[in-house]
Amino acid sequence: METQKRYRDEKHECMSREEMKALQSEKLVKQVRHVWDNVPYYRRKMEVRGLKPTDIQSIDDLHKLPFLSKADLRDAYPYGLLGKPLDECVRIQSTSGTTGKRVVAFYTQNDVDMWEECVARAIVAAGGTDKDVCQVAYGYGLFTGGAGLHGGSHKVGCLTLPMSSGNTERQIQFMQDLGATILCCTPSYAAYIGETIKEMGISPDTLSLKAGIFGAEPWTEEMRREIEKSLGIKAFDIYGLTELSGPGVAFECEEQTGMHINEDHFIAEIINPDTGEVLPDGTKGELVFTSLDKEAFPLLRYRTRDICVLTRGKCSCGRTLVKMAKPMGRSDDMLIIRGVNVFPSQIESVLVKMAKTMPNYQIVVDRVNNTDTFDILVEVDDSMFSDTVKTYEDIQKTIANELKSVLGIRAKIRLVEPKSIPRSEGKAVRVIDKRKLHG
Ligand code: DLL
């Protein structure tokens, strides 16, 4: 109970709007000064705009500050955005990006403590206490998933199982033998664990699991319901990114109508990605964060490229922290196929409707004779056969027609054997764009 109280931080999670604005303003003024004094890269950006730290007096002045983008992080790689001397840093973590230079983020001990406290809040919001056994099946190493949930679990006082990802049968054995009550991993790995449990003939009722804390990639409500059913748990979403610390920037409470952002540490804005204009709450746009407490890697107005909506309102859990909707893709996830903009999430929503369950699929794009090819591999599922759809050809045609009406272009649907698309132990790879490989 003690730890639960400690990491349900009533003061910061439930403060009034005015109090939060005052706290954020006070921290912002200090953070801008810290960055100006210690990060020449950003200071130059401010100077170009004719800005001085004294121009930022409160969060009402936030919009004056220049944005930081992924390109800036690459330019400044590896040390150009450091806010503290390296000997005061105790950790680095890095993004899972496979193209270009990785993003490397630095942490002081205070940064690690703040990060782990954010994750602890998420675990407590999912019902976690020091009586829980928390199985961390996110990857350990440079990826922030393992380290973040591990640190948060310690802070709450859970018995922590540092499994890392992979070796699924061993995961299940430990889950059974040690009575894991909370599972932390990507939603695609949770789905895979659920599938494996079923294959092994284990009933979810015989497990002690009660909750799952899943994030690091977009996932749908359909996927949530399936995971909940296959593991016999309540599944909670958690959001974050390496550049800001890692998981725990935002987390779901029991109401599950969006993720509360830890606003006492991160200011969130939504902008129009084309013009940079700040948009009002309730409007869809790109999520931008300012980290208020980070010492070693203090990012001001960092453009995440995640497309999202912010909402404010009373939550039944009592928290007053702003909520972000599930980000259903990044602006850079968008594929341009034969000149048409295609988001993988659009394809997923059509397939989910068709299959009535979460299908396994992969999108393969290539360029042959200067024309884009667009294939979608879909694992056959019994639920795809209905009264009107009886054969493989029927299914292919129905999916292709439905997709054409949503996307405006035709894809070639290839039905493949169950279990022929590789399962993911980390973030799912849904798109193979061979054009990039050639180019
Ligand atoms: O994925 C941090 C993390 C680890 C979050 C474990 C949650 C759980 P990166 O590898 O830097 O960090 O990737 C960050 O992943 O900008 C989003 O596009 C995506 N993402 C993270 N959480 C979610 C989520 C970690 N709950 C990028 N829903 C972010 C949708 C998510 N997308």
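Colleague: How far is an oxygen atom of the ligand from an N or O atom in the side chain of lysine 427?

Modeller: That oxygen atom of the ligand and an N or O atom in the lysine 427 side chain are 2.8 Å apart, which fits a polar contact, meaning a pair of N or O atoms within 3.5 Å (within protein, one must be able to donate a hydrogen and the other to accept it, and residues adjacent in sequence count only if both atoms are side-chain atoms). Please keep in mind that this is a predicted model, where local features need pLDDT of at least 70 and side-chain atom pairs count only at pLDDT 80 or more, while totals for chains, interfaces and linings use all residues. Residues are numbered from 1 along each chain as its sequence is written, and side-chain values use heavy atoms, with hydrogens and water left out.

Colleague: And what does a nitrogen atom of the ligand lie 2.8 Å from?

Modeller: A nitrogen atom of the ligand is 2.8 Å from an N or O atom in the side chain of aspartate 237, and a backbone N or O atom of alanine 216 lies 3.1 Å from a nitrogen atom of the ligand. The ligand taken alone exposes 610 Å², of which the protein buries 96%, with accessible areas from the Shrake-Rupley method with a 1.4 Å probe.

Colleague: How many residues surround the ligand?

Modeller: There are 22, the closest being Asp237, Ile238, Thr242, Asp306 and Lys427, where a residue counts as near if one of its heavy atoms lies within 4 Å.

Colleague: Which strand gives the most to that shell?

Modeller: S7 does, with 5 residues; strand S7 spans 234–241, and helix H7 (144–156) also supplies at least two residues. Helices (H or I, at least four residues) and strands (E, at least two) are DSSP runs, numbered from the N terminus.

Colleague: Changing topic, how many aromatic pairs are there?

Modeller: The structure holds 8, counting rings of Phe, Tyr and Trp (its six-membered ring) whose centres lie within 6.5 Å, with planes under 30 degrees apart called stacked, over 60 edge-to-face and the rest tilted. Tyrosine 79 and phenylalanine 106 form a tilted one, 5.8 Å centre to centre with 45° between the planes.

Colleague: Is phenylalanine 106 buried or exposed?

Modeller: Phenylalanine 106 is buried, with a relative accessible area of 4%, whereas tyrosine 79 is partly exposed at 49%; buried means under 20%, exposed over 50%, and partly exposed in between (1.4 Å probe, protein chains only).
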